[in-house]
Amino acid sequence: MLDFDNLQNYRENNRIEAKQALGGLPESIWETYSAFANAEGGIILLGVEELPDKTLHALDLLDPQWLIDDFWEIINDTRKVSANILTQKDIQIEDVDGKHIIAITVPKAQTAQRPIYIEGDPYRGSYRRSGEGDFRCSREEVDAMLEQRKDG
């Protein structure tokens, strides 16, 4: 769990992704969700920007509950996301110096659930996390996850 009182001490990496989300849910959130679920899990921070020096800085989300409601609606739509592996406790509104942000803790998906993919296509919509970026899985990576799903 992150120490939100010291948010500026964290950097984006293979387990942390910051998204401003001031205009609503960014489309790239679903790629990050897929990438974290298909790897080791991670935390998506909404209402947080990465400054040029790579430090993280809280913005103030005006209506975090609206974003959360929107997130739940979309993540439960199997046309958008293959599986919702989150529970209510995985999404929290946090206060950072009087500013409201959202922390979404994405667990590693169970072998039988992988790949977690978006837009209805495991070959075009499965992502993996590498460093601070989300990358589309290769056909071979998707095939390996599908094979492990059968074996598991």
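This report walks through two hairpins and one charged patch in a predicted model.

Local features need pLDDT of at least 70 and side-chain atom pairs count only at pLDDT 80 or more, while totals for chains, interfaces and linings use all residues. Residues are numbered from 1 along each chain as its sequence is written, and side-chain values use heavy atoms, with hydrogens and water left out.

Let's start with the hairpins. Strands here are DSSP E runs of at least two residues, and helices are H or I runs of at least four, numbered from the N terminus. Two strands pair if DSSP finds at least two bridges between them.

| Strands | Sense and bridges | Bridge partners | Positive phi |
|---|---|---|---|
| β5 (residues 91–96) and β6 (residues 99–106) | antiparallel, six bridges | I93 and I102 | D97, near 55 degrees |
| β7 (residues 127–130) and β8 (residues 133–136) | antiparallel, four bridges | R128 and F135 | G131, about 60 degrees |

The β5 and β6 hairpin has two residues between its strands, and β7 and β8 also have two residues between them. Side chains alternate along β7: Y127 and R129 point to one face and are buried (under 20% relative accessible area, 1.4 Å probe, protein chains only). R128 and S130 point to the other face and are not buried.

D97 turns up again in a negative surface patch, together with D3, D5, D60 and D95. Patch residues have over 30% relative accessible area and no salt bridge (Lys or Arg side-chain nitrogen within 4 Å of an Asp or Glu carboxyl oxygen), and like charges are joined within 9 Å. D60 sits in the loop between β4 (56–58) and α2 (64–75). D60 counts as partly exposed because its relative accessibility is 36%, with partly exposed lying between the buried limit of 20% and the exposed limit of 50%.

Conventions:
Patch = residues over 30% accessible without salt bridge, like charges linked within 9 Å, V, L, I, M, F, W, Y side chains within 5 Å. Areas by Shrake-Rupley, 256 points an atom, 1.4 Å probe, with all protein chains shown as cover. Lys, Arg positive; Asp, Glu negative; His and termini not counted. Charge placed at Lys NZ, Arg CZ, Asp CG, Glu CD.
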